[in-house]
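Got the viewer open? Load the model, pick a plain cartoon view, and follow along one selection at a time.

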Amino acid sequence: MKSLRNLYNEHQGKVSYKWELYLDIYDRIFLPFRHRPIALVEIGVQNGGSLEIWPSYFANGVAFVGCDIDSQCLLLRFTDSRISFVHGDLNTDACCHAIFSITPSWDIFIDDGSHRSQDIIMSFINYFRFLKPGGIYVVEDLHCAYWASHGGGIVNAVSSMNFFKMLCDMLNVDHWQSQLAPQSLFASFFPGPQHLNADLFSQIMSVTFYNSMCVIEKRGEHQLNQLGEHIIVGNEALVDRAPLELRSSIQSGSSRQ
């Protein structure tokens, strides 16, 4: 089974431009999906090279959808019938409907689009909810979140990087929601009457950052992002007996129910 780096080294077709680090990360995080009949959506097609490579990497994939606002991409032709192209602005109703007409949900979503913070945030809000349980949402080239030209900056409170950092707080919402309404955490990103559905964030299982990349994993059907029960094993507590006392109180409480 060839690695993604191998496939890129051998590729002779349409040009694809990816950072070296991304290929190794993708090989690791996409491994569980390689033999599944997945659907993949990639925003930012450029010359179309990655859309040619993904079907080779995911041999059993059923749909590979590329989307780009550049009308020049309409000139691209693909021989693999599983590859589709949608032209337009990702965050418009027309573009959404066009993607949904090809595949109503997806296992992998890759945002390699405009790299502008506002676009990245809105794309996540609009498309993460349609990611299948256990799926992966990737945002590439987040170094642009530090550029003023792309609506970012190291001290810009509403950059896409700061938005994804706040997703880490949402993973731990159980520990602070008594202090602050979760929706108000994002008030600076969505000013005015717009209502942000906090349930969207309850679907997140993990948020992982790499150099210029963020990977968000959606909860699987039987996964819960909660600490769950205390697991206390063993009987010797020479340093601190508090865990044994806690276990005893839990067991006593259970016996009274």
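Start by selecting Phe 124, Phe 163, Phe 164, Leu 167, Phe 186, Phe 201 and Ile 216, the residues with the most contacts inside the largest nonpolar core, which has 43 residues. A nonpolar core here is a set of buried Ala, Val, Leu, Ile, Met, Phe, Trp, Tyr and Cys residues joined through side-chain atoms within 4.5 Å. Buried means under 20% relative accessible area, exposed over 50%, and partly exposed in between (1.4 Å probe, protein chains only). Now colour helix α6, residues 160–171: six residues of this core come from there, the largest share. Helices (H or I, at least four residues) and strands (E, at least two) are DSSP runs, numbered from the N terminus.

Before going on, a word on what you're looking at. This is a predicted model, where local features need pLDDT of at least 70, side-chain atom pairs count only at pLDDT 80 or more, and totals for chains, interfaces and linings use all residues. Residues are numbered from 1 along each chain as its sequence is written, and side-chain values use heavy atoms, with hydrogens and water left out.

Next, zoom in on Phe 164. Which residues does Phe 164 touch, leaving aside its neighbours within four places in sequence? Select Ile 120, Phe 124, Val 139, Leu 142, Val 207, Phe 209, Cys 214 and Ile 216 to see them; contact means heavy atoms within 4.5 Å.

Then swing over to Ile 25, Leu 40, Tyr 57 and Ile 83, which are among the 29 residues of a second, separate core.

Time for some rings. The structure holds 26 aromatic pairs. Rings of Phe, Tyr and Trp (its six-membered ring) pair if their centres lie within 6.5 Å; planes under 30 degrees apart count as stacked, over 60 as edge-to-face and the rest as tilted. Show Phe 124 with Phe 163: this pair is edge-to-face, 5.8 Å centre to centre with 70 degrees between the planes. Phe 124 sits in helix α5 (residues 117–127) and Phe 163 in helix α6, so the pair ties together parts 39 residues apart in sequence. Both of these rings belong to buried residues, Phe 124 and Phe 163.

Now show Phe 186 and Phe 201. Their planes lie at 0 degrees with the ring centres 4.6 Å apart, so this pair is stacked. Phe 186 and Phe 201 are both in the loop between α6 and β6, 15 residues apart. Phe 186 is buried at a relative accessible area of 1%, and Phe 201 is buried at 3%.

Two loop residues are worth a stop. Pick Gln 46, which is not a glycine yet has a positive phi of about 55 degrees. Gln 46 lies in the loop between β1 (39–43) and α3 (49–57). Is Gln 46 buried or partly exposed? With a relative accessible area of 49%, Gln 46 is partly exposed. Then pick Ser 212, in the loop between β6 (204–210) and β7 (213–218). Ser 212 has a positive phi of about 70 degrees, though not a glycine, and is buried with a relative accessible area of 12%.

Finally, zoom out to the whole chain. Colour by secondary structure and you can trace seven helices and seven strands, in the order α-α-β-α-β-β-α-β-α-β-α-β-β-α. The C-alpha atoms fill a box of roughly 70 × 50 × 35 Å along the principal axes, and 44% of the 257 residues count as buried.
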